[in-house]
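Here's a short set of exercises to work through with the structure on screen. Try each task yourself, then read the solution.

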Amino acid sequence: MDLVEEKLDEHHLDAKQVMDVVVRFAGDSGDGMQLTGANFTQATALYGNDLSTFPDFPAEIRAPAGATFGVSAFQIYFGANDITTAGDAIDVLVAMNPAALVTNLPNLIDGGLVIVDSGAFTEKNLAKAKYQVNPLEDGSLDAYRVLNIDISKHVLAAVEPYNLSHKEALRCKNMWTLGLVMWLFDRDRTATIEGLKKKFTRQPEIAEANIAALNAGHAFGETAELPSGIHVYRIPPARVPPGTYRNITGTTALAWGLIAASELAEIDLLFASYPITPASNLLHELSNRRNFRISTFQAEDEIAAVCAAIGASFAGSLGVTSSAGPGIALKAEGIALAAATELPLVVVNTQRGGPSTGLPTKTEQSDLNMALGGRHGDTPIAVIAASSPTDCFEVAIEAARLAIRYMTPVMLLSDGYLANAAEPWKIPDVAELQPFPVRHQPPVEDFRPSLRDATTLARVWPKPGTPGLEHRIGGIERSYDTGDISYDPANHQKMTELRKAKIAGIADDIPLQEVILGATTGKLAVVGWGSTFGAIHQAVKRCRADGLDVSHIHIRYLCPLPKNLGDLLQGYERILVPEMNTGQLVRLLRSEYLVPAEGLNKISGQPFKIGEIMAAIHQEFAEVND
Amino acid sequence: MNQALPKLTLKDFSTDQEVRWCPGCGDYAILKTIQKLMPELDAPKENQVFVSGIGCSSRFPYYMNTYGFHTIHGRAPAIATGVKLANPELDVWVVTGDGDGFSIGGNHMLHVLRRNIDLQVLLFNNEIYGLTKGQYSPTSKQGTRSPSSPTGSIDLPLSPCEVALAAGATFVARSIDTEAKHLGPCIRRSYEHRGAAFVEILQNCPIYNDGVFENVKDKKSAADNRIEIEHGKPLIFGAERDRGIRLNTLTLTLEVVEIGKGGVNVDDLLVHDESNKVIARLLSTMTGPEFPVAIGVLYSERKNGYVEDVREQQLTIRSRERGDLKQLLHSGNTWQVD
């Protein structure tokens, strides 16, 4: 299916009250846009709106100032109803320089609001953004509401009492802008002020200057004569189930899920990894959590990382390794060793644009084929995928549970979007998490490493240091009966079938596939996996509100697939599979179930927009009605 | 309590697996020496873990009745690191060969040594790829004729001990497969060393590289072609014990001298000092025919290892505040919805 975009109903910023808004903060890498976004997100969460955020930063660490490729942006979609994506189009754009304006303007809705720092629209910066004429002066912004302010001038005035250098003073620009946007949406500044005090404990004058800038920006909104059509917008709080909430990124949720897993399994966890974008933050987060049963190891390379994790599992801990596509490719031989020796191993793949170095900071779902089959030999492993930032918590626990229960590698698929995106999370009750304590093999007479559980087919897990369980394992094929090396042809057939049956048997241990939204049979099912959840969910919801018979199915367990999935899919006339790849799940579904599934593929490094999936759904129905 | 453990013997460390090295392989002798040494180490059998990569030498764990893990090509040091990180109480042994340890697994070798992980690396160096049928290896002498170098290998070989020292190994020794009286004590010292201990064992491959170390092993020629080094002793060698190694202080190089000739006496010879890395480096590079090959402990230094420091950090962190999951989930900014 062709990828086309449908424009969603736009809530023009005319009314005093709007139901949802997309705000995008964009500026130079050094402008502090990520910090600005994070503070606005916190205030918005505290206000009670539902929200979803996505930071969009360049691959360059410190790009030259003013360059279009150095624009760093932070987008937040918030509103009164459930929000599951970072938004299709921008309602309010904050552009700290011409480069930020030129790269983001195409996505601003007509009638949207653009806030620019006119002081940054110098000839030099305009040239860097390839503007022939200053867009603030040539009428090219006439279709939008424009707040054209010399922010630098206001900031310098606001922080004057604090004796900062000119450069330091200008660094407060982001807080001034944040103050203004907080005024625009009636947000409370208290949490930001507290955060600034904490962040700059050792430099109280910097903290005070930033707070002064924040307040000055807010005061500007309150007192300045603003162009007509720009006023305070009120967004009613969302109705969400009662509980304690926090905002969380996919990376943090995944890290905390691994911590929870080690507690629930009552086992030490070794997280062995090698730095790679966008997976490194997981290593960082866990390195700060060694007060739990967590050790972290920054290995010399991707191969050493997976091998150290396998070594830890052999020694009786749970080994976990993590990377993105290129690194996972390097780990393939190690993963197969864990499969052959039947040791538990969790492999987290935070997917990014490929092939090769590809688009390291952009998102994609193109490693599904590799996860399912990217190994030498007949080497099945379990594969599961997280569908939203908060889902990463649960999926991490589930990956660990399956790895331990089935003595197998499990690949957990996340992606660059999930890793960095954030959303509010109803904090689960720790007491309600299901424990799965590890039982290592107790001492026994005539021990054989080939002993296995009759139900799960999982091999026993003897822990070195236990007297009487001395044994040898390795990558050479082993005898089904004794665990010793065996080159016997019939034995290899048996062991290969055993490995296959063991993974297939996991299907008995996982929930049946549910339909998230809509009927369990009908005209059209939109089937997704991973981070496309939010966009599919909103699209299906809106289409159903328009009366279309469409359902949303989202697959967490990709190997093995849920037992009822085939039957479920047979119940729909048409199946649409949106994926951020060229059609990896759709091919799997077609070959597994012989269903006429059709793909909708986006490989731009950007997440799906709601409108793109809606357009595809409408096209499906148009074909049905033809 | 305090009950003496039954004394183990060589047999307790042998498995029921048929040993499948070629007849005459040096690996047999090494296996025997280690199986014999094990009961003498006074260490619990269940705490011994042998980790290997791929190659002839890497079959070793199958023949040791301890915990064993035959892994993948070149990765034994990385897997052993994971074992040791998970359980520092275990005695971890890495068994590897010249191809496994210095070609495909060269990177891991550097890092396991530089991190000073408390384990023993036993490098069976036969200067050839055996299991893949005789190709030249990274330690093969230049000009080695093999199936993949029919007109002689071109690469310059590396010296394992020299690389180990450069990588920061805190214990480096060299010994010979069939000389149990020398090899046994060398391995024992490596076991007693706290930190990464590297032992290069010159091992004969009778099929693909037979006799490559003959000049240092043969009873007639060995005395002139090797020097057994000992801490605190002057460097003397030769069938008549009439030759020695002297440091030329002007060129900072070693030279072979004859004792009693040209005014040279024993006092002029270099005295081996295991704690001196400069001496260790100089000795590690000595090769024939100009120099005798040094065997014995080249270097030994006590230094904290990675695993020890990891433990220490961990203890500090955990004593400060043991992690509480509920507290973690509720840390930072939260809000209540009623």
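How many salt bridges are there between chain A and chain B?

**Exercise 1. Find the charged link between the chains.**

Solution. Keep in mind that this is a predicted model.
- Step 1: the count between chain A and chain B is 1 salt bridge.
- Step 2: the partners are Arg115(B) and Glu300(A), with their closest N and O atoms 2.9 Å apart.
- Step 3: check that against the cut-off, which asks for a Lys or Arg side-chain nitrogen within 4 Å of a carboxyl oxygen of Asp or Glu. The 2.9 Å between Arg115(B) and Glu300(A) passes.

**Exercise 2. Describe the contact between the two chains.**

Solution. Start with the residues, then go on to area and makeup.
- Step 1: chain A brings 67 residues to the contact, and chain B brings 56.
- Step 2: about 5200 Å² is buried between chain A and chain B, and carbon and sulfur atoms give 61% of that area.
- Step 3: now look for polar contacts. Between chain A and chain B there are 32 residue pairs of this kind, with both residues at pLDDT 80 or more.
- Step 4: which elements of chain A give two or more residues to the side that touches chain B? Among them are helix 1 (33-47), helix 9 (250-265), helix 11 (302-314) and strand 15 (472-474) of chain A.
- Step 5: helix 11 of chain A gives the most to that side, with 8 residues.
- Step 6: sort the chain A side by residue type, and you get 38 nonpolar, 17 polar and 12 charged.

**Exercise 3. Find a strand pairing that crosses from one chain to the other.**

Solution. Go to strand 15 of chain A, one of the elements on the side that touches chain B.
- Step 1: strand 15 of chain A pairs with strand 2 (residues 67-70) of chain B, in the parallel sense and over 3 bridges.
- Step 2: for a landmark, pick out Ile473(A), which stands opposite Phe69(B).

**Exercise 4. Work out which strands sit at the edges of a sheet in chain B.**

Solution. Here you only need the strand order.
- Step 1: the sheet is open, has 3 strands in the order 8-9-10 (chain B), and pairs antiparallel.
- Step 2: strand 8 (236-237) and strand 10 (253-258) of chain B each have a single partner strand, so they're at the edges, and one side of each has no neighbour in the sheet.
- Step 3: zoom in on strand 8 of chain B and strand 9 (residues 243-248) of chain B, which pair over 2 bridges. Phe237(B) stands opposite Arg243(B) there.

**Exercise 5. Find a salt bridge that links distant parts of chain A.**

Solution. You have 38 salt bridges to choose from over all chains.
- Step 1: try Asp56(A) and Arg24(A), whose closest N and O atoms are 3.1 Å apart.
- Step 2: place them in the chain. Asp56(A) is in strand 2 (residues 50-56) and Arg24(A) is in strand 1 (residues 20-28), 32 residues apart.

**Exercise 6. Spot the backbone oddities.**

Solution. Most residues other than glycine have a negative phi, and most peptide bonds are trans.
- Step 1: the bond from Thr277(A) to Pro278(A) is cis, and Pro278(A) sits in the loop between strand 8 (269-273) and helix 10 (280-287) of chain A.
- Step 2: the bond from Gly288(B) to Pro289(B) is cis too, with Pro289(B) in the loop between helix 9 (277-284) and strand 11 (293-300) of chain B.
- Step 3: for phi, check Met407(A), where the value is positive, near 45 degrees. Met407(A) lies between helix 14 (391-406) and strand 13 (409-415) of chain A, in a loop.

How values were computed:
Residues numbered from 1 in each chain as written. Chains lettered and ligands numbered in written order. Predicted model: local features only at pLDDT ≥ 70, side-chain atom pairs only at ≥ 80, totals over all residues. Heavy atoms only, no water. Contact = heavy atoms within 4.5 Å. Buried area = accessible area lost by both parts, 1.4 Å probe. Polar contact = N/O pair within 3.5 Å; in protein donor to acceptor, adjacent residues only side chain to side chain. Helix = DSSP H or I, 4+ residues; strand = E, 2+ residues; numbered from the N terminus. Nonpolar A, V, L, I, M, F, W, Y, C, P; charged D, E, K, R; others polar. Pairing = 2+ DSSP bridges.
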